[in-house]
Amino acid sequence: MEGKISPSLLALDHLEHLDLSGNDLTGPSGRLPEFLGSLKNLKYLDLSGIPFYGGLPPQFGNLSRLQYLDLSNSILREGTNSTDLSWLTRLPSIQYLNLNQVNLSTVVDWPHIINMLPSLRVLRLSYCSLASANQSLPHLNLTNLEELDASCNSFDHPMVTSWFWNITSLRYLYLDATSMYGQFPDALGDMTSLQVLDLSDNDNNDEKYRIMTTDLKNLCNLEVLNLQLALLYGDIAELLPRCSPNKLQELDLYWNQLTGMLPRWIGQLTSLAVLNLGQNNITGSLPISVGQLTGLQTLDLSCNNLNGHVPYEIGMLSNLTNLNLNGNKLDGVITEEHLVSARSLKYIDLSYNALKIEISSDWQPPFRLDTAYFASCQMGPLFPSWLKWHVNIINLDISSAGIADKLPQWFFDAFSNVRIMDISNNQLNETLPTDMGSMSLEELYLRSNQLTGQIPTLPPDISFLDLSNNFLSGPLPSAVGSTNLDTLSLFSNRLTGHIPESFCKYQQLSVLDLSNNFLEGEPPLCLKVMDYVALSNNSLSGKFPSFLQNSTNVFFLDLSWNKFSGRLPIWIGSLTSLRFIRLSHNMFFGSIPMNITNLSCLQYMDLNNNTISGSLQIYLSNEGCYHGAIPRTPHLNSVSTVFKGQELNYGSIYRVLDTSMMSIDLSSNNLTGEIPEEIVFHDGLVNLNLSRNHLSGVVPNKIGEMQTLESLDLSRNMLSGEIPASLSNLTFLSYLDLSYNNLTGRIPSGSQLDTLYAEYPSMYIGNTSLCGHPLQNNCSGEGHAPKQGGLGRTEERHGIQFFYLGLRCGFVVGTWMAFGVLMFKRSWRIACF
């Protein structure tokens with residue numbers, strides 16, 4: 001319903017129960033109506049979920065007969081608030097009070113006010129911006145309180161100082177996401193009525209936030225214990241409640257720092273339906289007694305250090321729907337016996353163990369999986385045919401499974417409902433079937449196999465396609481119906497032809513990686529890619545791709561090793577999200593546009609091996625740049641750069657982008673002029689390569705202020721003057737090349753430079769006027785011949801000048817001799833002409 005709450009309700013003199021929750025009845029004012037405080041016979045008032053804002057009216061304190069009050073808000077920002085809750089003390093009969101998402105940040109004495117409500121049974125104060133719960137209460141009146149929900153507040157103080165631990169009547173206690181830390185209070189052991197205890201999501205990397213485990217052996221009524229992401233530490237065996245009979249139904253200790261081994265008596269927790277101990281440091285083997293947990297529905301022991309075999313007894317769990325043993329050190333063989341009685345199984349994850357799956361191709365399982373993850377489990381060499389019975393499967397991962405086979409004929413019929421499929425890092429061979437267009441696939445990973453042939457028509461709902469690192473050939477597939485494509489990764493294949501115009505239909509394309517193929521021609525002008533463009537190592541041509549002008553959010557651009565030419569466009573400065581740009585080994589010319597300084601987020605720039613000219617006026621800085629979340633796209637092509645004198649592979653691009661590292665490579669171009677002093681302000685610069693240009697002037701005197709610099713290459717330029725003494729201050733510098741310049745004077749002293757010279761003895765070669773240690777050329781006298789190995793740069797240039805002079809003289813003399821002969825011998829002239 002829409003509108004407002006009408007004052008005509010006041011005519012209902014005997015109204016006791018009023019529930020208007022979940023409607024849009026805020027009215028023009030948007031505030032809680034004060035006149036409701038005049039309905040003095042009300043016992044029940046529920047206005048929850050109505051998006052009111054502003055203060056809670058103190059007139060509600062007139063509802064002295066009220067037993068149930070729910071004013072919880074449906075919005076977190078600009079919702080209702082209160083600076084004074086003293087009106088609650090006039091509600092002596094209140095049993096249920098829900099103020100969830102009401103801003104109470106300025107109410108300091110809220111525990112004292114709540115303590116004056118002795119009839120209260122349920123109190124819910126979640127998301128109330130409460131800042132503390134460590135107030136002292138001399139006398140506790142809340143003897144009837146059964147449920148307390150103070151979750152999602154920022155108490156940020158030791159757990160033991162909270163006021164509510166002495167409420168022994170509590171049955172439900174929710175303190176998740178409250179940032180409390182430290183040891184459990186001893187009083188927790190006396191709260192024997194507790195049925196639900198939730199202290200989850202109190203995660204923080206600060207050491208003080210760790211919670212030490214405590215003895216819960218007296219909490220025999222516990223049905224739900226949730227300490228997920230609470231940074232709990234201690235021995236798992238000492239934490240588990242060991243009551244008989246045991247009522248525990250859900251035990252969630254996911255992502256803590258628990259150690260120790262699973263006790264053999266864990267099978268005594270016969271009421272367990274959920275056991276989640278994933279992401280801990282639990283060691284040892286999986287106890288056989290797990291098979292006694294016959295009511296278990298979810299078993300998650302993922303990402304621990306469990307070893308040994310998976311016991312056959314796990315197959316006795318007929319109610320098990322979710323089994324997750326991912327990321328351990330389990331070994332041995334999984335057979336039909338492990339799964340023979342698991343009639344309810346829907347989800348299985350055995351990935352990243354040393355397991356071998358040996359299940360007969362004829363075996364028909366008694367269950368139907370919807371999710372199956374077997375990454376890094378040995379299932380080959382033949383394709384696991386027993387999977388064909390799981391026709392309802394939606395998620396399938398059999399990557400790195402040692403499969404050296406072709407895709408079976410039944411594959412695309414049996415898996416027609418699969419949405420996410422990963423069969424990468426195997427040895428799948430032969431071609432992809434032509435009927436992929438009938439599949440429901442949304443994400444398909446087939447990278448690093450041995451697939452051949454052409455790429456068939458894509459499934460209509462595909463959004464992520466990774467066929468990289470195969471032997472696929474022929475043209476790129478035309479975009480037919482798959483306009484939802486978000487990521488297309490086809491690098492390292494043998495694809496030929498042009499990028500088709502139909503790719504312009506992919507209006508949602510975020511990632512396009514076509515590098516390391518044989519593509520040619522110009523990319524379509526209408527192409528649109530939002531985040532990641534990798535077209536390197538092809539034969540693409542034309543000017544700088546103009547489709548990028550509309551890709552203002554692109555953060556990665558690699559056009560290297562192609563045949564692109566022309567000037568860099570001025571609008572490149574509008575790509576303000578760029579963090580990585582590589583244009584090396586093309587035919588770009590002209591100067592670098594001045595507005596490239598607008599790229600304040602740029603961390604990596606590589607323009608080497610072009611014919612870029614002009615002066616070096618580059619000043620990049622990632623200061624003031626908000627590095628928002630980078631779109632996470634797994635398995636993108638790796639990135640390498642010439643660093644420390646050799647080409648190094650960084651692996652994933654995210655290893656570069658996740659750091660503040662900056663790298664500039666403008667080597668092998670035609671840059672002229674001086675190196676600007678401003679270049680020393682690149683605070684995060686790690687690699688600077690300006691070699692093989694025509695730079696002149698001196699090395700910037702303050703270059704020693706670039707404290708993060710690890711690799712500096714200024715070789716083969718025309719730099720002059722002395723080597724700045726500050727260069728010896730670069731303690732992280734591990735590669736230096738100043739060879740073949742016109743540098744003069746004494747080499748700066750310093751252990752760092754001596755160490756570099758010992759590793760790279762050619763770093764000063766070609767500078768004949770340098771002297772001093774570690775060279776043999778002594779600075780004390782004049783006229784000493786250079787002692788460095790090889791020709792100096794100056795001698796080399798004199799030799800070249802004499803060569804060209806001789807060439808010219810020889811050309812003139814030879815030409816005149818020929819013309820002289822022809823001039824004086826008539827028979828030769830007739831023969832020639």
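Two strands pair if DSSP finds at least two bridges between them. With that in hand, here are some exercises on this predicted model.

**Exercise 1. Work out the strand order of the nine-strand open sheet, and find its edges.**

Solution. Start by following the pairings from one strand to the next: they give the order β30-β32-β34-β36-β38-β40-β42-β46-β48, with parallel pairing. Next, look for strands with a single partner. These are β30 (473-474) and β48 (694-696), which stand at the edges, so one side of each is left without a neighbour in the sheet.

**Exercise 2. Check the pairing of β40 with β42 against the cut-off for a pair.**

Solution. First locate the strands: β40 spans residues 587-590 and β42 spans residues 611-615. Then look at the bridges between them, of which there are two, in the parallel sense. The cut-off is at least two bridges, so β40 and β42 count as a pair. For one of these contacts by name, take Phe589, whose bridge partner in β42 is Thr611.

**Exercise 3. Describe the open sheet that contains β52.**

Solution. Begin with the order, which is β50-β52-β53 for these three strands, with parallel pairing. The edge strands are β50 (720-722) and β53 (769-771), each pairing on one side only. From one strand to the next, the twist averages 25°. Now zoom in on β52 (residues 742-746), which pairs with β53 over three bridges in the parallel sense. Here Gly745 has Leu770 in β53 as its bridge partner.

**Exercise 4. Which residues touch the most other members of the largest nonpolar core?**

Solution. This core has 219 residues, and the two to pick out are Leu47 and Phe374. Among the elements that give two or more residues to the core are α1 (110-114), β20 (329-334), β47 (685-689) and α5 (751-759). Now take Phe374 and set aside residues up to four places away in sequence: its contacts include Ile348, Leu350, Ile357, Met379, Trp386 and Leu387. The list also holds Ser351, Asp397 and Ser399. Finally, keep apart a second, separate core of seven residues, which includes Val511, Ala534, Phe555 and Tyr604.

**Exercise 5. Is Ser551 buried or exposed?**

Solution. Place the residue first: Ser551 is in the loop between β36 (539-542) and β37 (556-558). Its relative accessible area is 3%. Buried means under 20%, so Ser551 is buried. To see its surroundings, leave aside neighbours within four places in sequence; Ser551 is then in contact with Val529 and Leu575.

Conventions
Residues are numbered from 1 along each chain as its sequence is written. This is a predicted model: local features need pLDDT of at least 70, side-chain atom pairs count only at pLDDT 80 or more; totals for chains, interfaces and linings use all residues. Side-chain values use heavy atoms; hydrogens and water are left out. A nonpolar core is a set of buried Ala, Val, Leu, Ile, Met, Phe, Trp, Tyr and Cys residues joined through side-chain atoms within 4.5 Å. Buried means under 20% relative accessible area, exposed over 50%, partly exposed in between (1.4 Å probe, protein chains only). Helices (H or I, at least four residues) and strands (E, at least two) are DSSP runs, numbered from the N terminus. Contact means heavy atoms within 4.5 Å. Axes are lines fitted to C-alpha atoms, for helices over the stretch in contact, and angles run from 0 to 180 degrees between N-to-C directions.
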